[in-house]
Each structure stands twice: as C-alpha cells, then as structure tokens.
Amino acid sequence: MRWIQLCKRFKFRTKLILFLSAATVLISGITGLITYRIHISLFNEEVSRQYSLTAEQVLARLDSRVHDMYKVTDYITLNPSVKNAIKAQAAGISSYDQMKLEDELDDQLYQVRLDAPEIMGIRIYDLKGNIFNLGTFAGSFQQMDPSYLAEMVHKLEGTGGEYVWNRLDADAFLQEEKSNWILAGRLMRSVDLETYGVMLILFNTSLFESYLKDLRLNEDIAAYLLDADGKLVYAFHNQDADPPPLTQLSMGATEIRDEQGTAHLYTKQTSDKAKFTLISKVSLAQIQHKGKIIVKVAVFSAAATVLCSWIIITIISRRLLRPLASLVNAMKRVRDGQFDTRVQIQTQDELGFIGERFNAMASRIDTLIHEVYERELSEKQAELKAIQAQLNPHFLYNTLSMFFWKFYMLGDEKSARLVTALSEMLQYTLEPVQRLTTLQDEMTQIDHYLQIQQARYQEALSIEISVPSELTRCQVIRLLLQPIVENVFVHAFADKRDNRRLEIRGFRYAGNDAESDMLILEIADNGCGMDPSMMDRILAPLAHADEERQHIGMRSVLRRIELIHGEPYGVQLESTAEVGTLVRLRLPYQVG
C-alpha cells in the first residue's frame with residue numbers, strides 16, 4: 001500500500017519508465033523461463049532416448065560376452081578328459097595327488113585362460129568330497145569363508161547347469177577386505193547329462209566394468225546389474241549401493257526423477273541370453289546447469305533493455321510530453337476558475353487533438369456558466385408561479401371533511417360514510433409511495449375503495465375477501481393492490497351489467513432450502529377476460545403511448561415489484577376470454 005501511495009506522487013515520465021521497465025523484466029523473465037522449460041524438456045527427451053539406446057547396446061555386448069563365458073565353461077564341463085580325471089579320484093586323496101591333478105588340468109585349460117582372461121580362478125568339487133583349485137589366482141578361494149562357499153554350492157542343487165551369480169561382500173571373506181571379484185557357480189554335467197561335480201568360478205569385475213563404463217555420461221552415474229532372480233550381481237561406480245526400486249518402470253523405458261533437487265535419468269533394460277537386468281542412473285545436473293544459462297541471458301537482456309529504455313524515454317520524453325505538460329497546466333488554471341484559458345496547438349497527433357478538444361470544452365464551459373446562471377433565475381420564478389397555481393391536496397382533504405359533517409348533520413349517514421372512505425383514501429395516497437406498509441393498511445384502503453364501488457353497483461356486485469389474520473402484519477409495497485382492483489372495474493366489468501364477482505385471497509407459500517417463504521395475493525374476477533396476446537402486451541415492456549395509458553396501473557405494480565424485490569417475485573396473469581381473470585402477486589413473506 002505504501003508503494004502504491006508513493007507511485008502516485010511520481011511524475012508521469014517517471015511512472016512511464018518504471019512501468020515499461022517492469023513490463024520488460026516480466027516479459028523477458030517469462031520468455032526466458034518458458035524457453036528454459038522447453039529446452040530442458042526437449043533435451044531430456046532426446047538424452048533419454050539416446051541414453052536408452054546406449055544402455056541397450058552396452059547390455060547387448062555384455063550379454064554376448066557373458067554368453068562366451070558360458071561356452072568357455074561348457075568346454076571344461078563337457079571335456080571327457082576333465083570328466084574322467086575327476087571321476088577317477090578316490091575319496092580323500094593326498095595333497096601330492098591333488099597337486100598333480102591340478103597341474104594336469106591347468107595344462108589342458110591353458111587355452112581357456114587365454115580365451116577368457118576375466119576368469120581369475122576355478123574351484124571344482126567332485127562328488128567324493130575332493131576340492132581342486134585351477135588358475136593363477138585360484139588360491140584366492142583360501143581367503144574366503146568356507147561356510148560361504150558351502151552355501152554357494154548348496155544353491156546349485158537342483159539347477160540344470162546354468163550359472164548362479166553372487167556378489168562378494170564383506171561376509172564372504174575370512175578377513176574384512178574389498179575385492180574386485182564376482183563369484184559364479186554351475187553344476188558340471190557331461191554330454192549324457194551326468195552330474196559329476198560342482199564348479200565355482202571367480203570372475204574379475206572387468207567382465208562387467210569394461211562394458212558398463214561406456215554408460216558414463218558424466219561423473220555422477222551408477223549402474224546396477226541384476227540376475228534373472230532380481231538379485232544384485234554388480235554395482236558400477238558404487239559397489240555398496242543397492243539399486244533403487246523401479247517396479248513401475250517397464251523394460252526398455254526411461255524415467256526422470258527429482259532427488260534432492262537434482263534430476264536423475266533412470267533406464268531399465270534386460271538381456272536376451274543371460275537374462276541380466278541393467279538399471280542405470282545418471283545425473284542431469286550438468287545439463288540443467290547449461291540450460292540455466294538461457295535464463296541468465298534473458299535476465300541480463302532484460303536489464304540491458306531497461307537501461308536502454310530509460311535512456312531513450314528520458315531523451316524523447318522532453319519533446320513528446322511537452323504538449324501534455326502544457327495541457328496539464330491549462331487544466332489546473334481552469335480548475336482555479338480561469339475559464340478563458342487556452343492551450344497552444346503545436347502538433348497534429350493525439351495530443352494536438354486533445355488540446356483542440358480542451359479549448360472547445362473551456363469555451364463551452366464559459367458559455368454554459370452564463371447560460372445556466374440566467375436559466376436558474378428564470379426557473380426559480382417559474383417554480384414560484386407553479387406552486388401558487390397547484391391544487392393543494394390538503395385543502396381538498398379538509399373540504400371533504402366539511403362535506404362529511406354536512407351529510408352527518410343532515411342524517412345522510414350513507415353519503416357520510418362514502419365521503420369518509422374517499423377522504424381516507426386521499427389521506428392514504430398523500431404518504432410517500434416508496435415507504436412500506438402492512439397488508440392490513442393496504443386491505444383497509446381496498447375496503448374504502450370497494451365501499452364506493454358497492455354504493456355504485458348495489459346488488460350487481462358480489463365481493464369476497466379471504467385474507468387470514470396472521471398475514472395482516474406482513475410488509476408490502478404501498479398502493480400495490482388498488483391499481484389492480486381499479487382495473488377490474490375499469491376494464492373487466494366495463495360491459496358487464498350484472499352478476500359481477502370479485503374475490504381477493506391471501507395465503508402463505510412455504511418455501512424450501514433453496515427459496516424463502518412467499519406471500520401470495522390473488523385478485524380474481526368474472527369479467528370479460530383477456531386473450532394471450534393482450535396478457536403478453538401487459539407483461540412486456542412499453543411499446544406505444546396508447547398502451548401506457550391503458551395499463552399504467554398494472555405496469556406500475558410490475559415495475560415496483562421488480563425494482564424493490566427482484567427475482568423470483570413478480571406478477572402472474574391467468575385469463576380466459578368471457579370467463580374472467582386471475583392476477584397473482586408473488587411477494588416476500590416479511591413480518592414487521
């Protein structure tokens with residue numbers, strides 16, 4: 001609020017500079033933000049697609065290499081020499097026989113070590129309890145917990161010769177240490193599907209790492225390799241981390257997650273042969289950081305635009321706004337009463353047009369002041385004469401009172417009552433129309449009017465009034481019923497010679513939760529009635545002066561209800577030609 005009050009004190013030129021600067025900053029900021037969002041969205045979409053293809057290709061190459069490991073170990077298990085050498089050993093062989101057999105098998109598997117350098121060591125368990133270690137690093141099995149190895153052998157029971165993978169954690173070793181090995185095992189089965197041993201293979205993590213490193217988009221990357229059962233086999237970049245839950249992410253799809261204010265791209269792929277599942281995670285922070293440069297450029301551009309706008313407006317405002325300043329000064333002089341003030345027109349633009357209109361307005365005001373002053377003098381004189389010529393209603397009321405006492409003194413009580421009714425009607429009409437009254441007062445006014453009409457028509461008029469006493473305290477508009485009742489005698493009974501019937505009914509309409517209670521007043525007659533076109537003309541807006549004279553009473557009722565109460569209140573007409581008319585007033589139920 002204080003800022004708004006301060007801005008009001010600024011000059012127009014200052015406010016123009018401020019508003020243009022604010023608009024420039026706002027537009028540039030919004031444009032930069034939208035551009036940044038579109039850029040990030042498109043870039044993320046393209047990066048997701050490219051990264052998904054890369055992950056698919058990496059996993060395909062890794063799957064092919066793992067399948068080669070299957071072939072290598074198949075060469076060992078299906079080799080008849082290996083099978084015969086192992087089955088020929090007796091239970092509990094000596095260390096010498098064990099070393100001799102290991103050297104013999106190492107010679108036969110020399111080509112295997114050349115074809116699969118990722119294999120660090122092999123341990124074979126025959127069915128007689130003997131253990132054979134093959135390979136240069138086969139002694140590494142001695143560093144591992146025997147119970148852990150026994151559990152691994154137990155997992156192979158019931159398998160069909162496929163690999164069972166296991167990640168080596170700290171529990172796998174006798175002493176706490178880190179290793180870059182992965183353990184796999186399989187049953188040793190011959191061509192005729194005879195199981196003759198169990199093979200445990202130590203793989204170097206380079207088997208996976210040499211392929212997964214191709215996923216590195218930046219330093220903040222992690223990849224998780226899971227086996228067919230969903231167990232973690234290898235974690236690239238952070239081997240101690242567990243893969244994030246991606247149960248809702250379908251295979252081959254990508255997902256961008258916001259983690260601690262940084263967007264990360266996740267992919268999920270599965271291989272065809274080894275049935276490995278690869279989950280990769282890469283940070284998009286560097287990409288978003290580059291995208292924020294667009295926002296900074298937009299901000300700097302807006303600042304430069306503001307500075308340039310301020311300089312340009314300051315230079316040209318002196319020339320462009322000079323006519324406006326002259327016009328403002330002239331308006332101040334007119335405000336002080338100098339109506340002969342005129343501005344000098346120097347341009348033909350919009351400011352020049354305003355200056356011309358100002359000169360014409362000042363000249364017109366000067367002329368009107370003199371005309372209005374003289375007219376007011378003439379109107380005051382005419383008003384005094386009109387007041388003197390008016391008929392004073394109070395004089396008429398007092399005159400009727402004199403007639404009442406005159407008839408009363410002569411013993412003509414019937415005429416005296418008629419004069420009294422007419423007098424009270426006149427007194428009632430002298431009250432302000434806009435003031436509300438009670439239904440009881442309104443019905444008293446109608447009773448006076450009906451007394452006069454009853455005296456006129458005698459036995460040819462039948463009147464029935466049914467208004468419950470509990471409704472008499474309801475607030476209604478003054479002179480609301482009298483115009484309608486008067487229309488009955490002026491129009492409905494105009495051509496009727498006898499059997500004139502008039503009914504006035506009132507009741508309370510109970511509303512519901514959606515609408516309030518209503519006061520319903522009905523005026524029914526057995527007069528000439530109306531056709532639908534006549535009712536439409538009465539309820540429609542005025543079109544001709546003749547209709548205004550004919551239906552002025554009804555239109556007054558309609559208009560006053562509309563102005564004072566509004567919807568859903570109003571007037572309803574039901575009429576049949578030569579049968580009669582029913583006028584229904586729907587008013588708010590208000591008890592004073």
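**Talking through the model**

Colleague: Let's start with D74: what is its relative accessible area, and how does D74 count on that basis?

Modeller: This is a predicted model, so please read every value here as computed from it. Buried would need under 20% relative accessible area and exposed over 50%. D74 has a relative accessible area of 27%, so D74 counts as partly exposed.

Colleague: Which residue forms a salt bridge with D74?

Modeller: Side chains of opposite charge can pair when their charged atoms come close. For D74, the closest N and O atoms of the pair are 2.7 Å apart. The salt bridge partner of D74 is R186.

Colleague: How many residues apart are D74 and R186?

Modeller: D74 belongs to helix α2, while R186 sits in strand β4 (residues 181-189). The pair therefore links distant parts of the chain. In sequence, D74 and R186 are separated by 112 residues.

Colleague: And is R186 buried or exposed?

Modeller: The cut-off for buried is under 20% relative accessible area. R186 has 6% relative accessibility, so R186 counts as buried.

Colleague: Thanks! R505 caught my eye too; how far apart are the closest N and O atoms in its salt bridge with E522?

Modeller: R505 has a salt bridge with E503, where the closest N and O atoms are 2.5 Å apart. R505 also forms a salt bridge with E522. That second pair links distant parts of the chain, R505 in strand β14 (residues 500-509) and E522 in strand β15 (residues 518-525), 17 residues apart. Between R505 and E522, the closest N and O atoms are separated by 3.0 Å.

Colleague: Of E503 and E522, which is buried?

Modeller: E503 has a relative accessible area of 28%, so E503 is partly exposed. With 8% relative accessibility, the residue that counts as buried is E522.

Colleague: Which residues are linked with R505 in a network of salt bridges?

Modeller: R505 itself is partly exposed, at a relative accessible area of 27%. The model's count of salt bridges comes to twelve. Those linked with R505 in a network are E503, E522, E574 and R584.

Colleague: Let's move to helix packing: how do α13 and α14 run relative to each other?

Modeller: Two packed helices are described by the angle between their axes and the distance between the axes. Helix α13 (residues 439-457) and helix α14 (residues 482-492) have axes 10 Å apart, at an angle of about 15 degrees. Their crossing is right-handed. Since angles under 35 degrees count this way, α13 and α14 are roughly parallel.

Colleague: How many of the eleven residues of α14 are buried?

Modeller: The buried residues of α14 include P483, I484, V485, V488 and F489. Q482 and N487 are also among them. The helix α14 is mostly covered, and its count of buried residues is eight.

Colleague: What about the surface: which residues form a nonpolar patch with I30?

Modeller: I30 lies in helix α2 (residues 12-77). At 42% relative accessibility, I30 counts as partly exposed. An α-helix has 3.6 residues a turn, so residues three or four places apart point the same way. The patch has about 480 Å² of accessible area together, and I30 shares it with L26, I34, I38 and L42.

Colleague: Now some backbone details: which peptide bond is cis, with omega near 0 degrees?

Modeller: Most residues other than glycine have a negative phi, and most peptide bonds are trans. P568 lies in the loop between α17 (552-564) and β16 (570-576). The cis bond leads into P568, from E567.

Colleague: What is phi of L193?

Modeller: L193 is in the loop between β4 and β5 (195-204). At 60% relative accessibility, L193 counts as exposed. Although L193 is not a glycine, its phi is positive, at about 65 degrees.

Colleague: And what is phi of N499?

Modeller: N499 is placed in the loop between α14 and β14. With 46% relative accessibility, N499 counts as partly exposed. N499 is a residue other than glycine with a positive phi, near 50 degrees.

Colleague: One last item: how far apart in space are G337 and D366, C-alpha to C-alpha?

Modeller: G337 is in the loop between α9 (322-335) and α10 (350-389), and G337 is partly exposed at 38% relative accessibility. In sequence, G337 and D366 are 29 residues apart. In space, their C-alpha atoms are separated by 9.8 Å.

Methods:
Residues numbered from 1 in each chain as written. Predicted model: local features only at pLDDT ≥ 70, side-chain atom pairs only at ≥ 80, totals over all residues. Heavy atoms only, no water. Patch = residues over 30% accessible without salt bridge, like charges linked within 9 Å, V, L, I, M, F, W, Y side chains within 5 Å. Areas by Shrake-Rupley, 256 points an atom, 1.4 Å probe, with all protein chains shown as cover. Salt bridge = Lys/Arg side-chain N within 4 Å of Asp/Glu carboxyl O. Helix = DSSP H or I, 4+ residues; strand = E, 2+ residues; numbered from the N terminus. Buried < 20%, exposed > 50% of the residue type's maximum accessible area, 1.4 Å probe, protein only. Axes fitted to C-alpha atoms, helices over the stretch in contact; angles between N-to-C directions. Parallel < 35°, antiparallel > 145°, perpendicular 65-115°, else oblique. Left-handed = near helix turned anticlockwise from the far one by under 90°.
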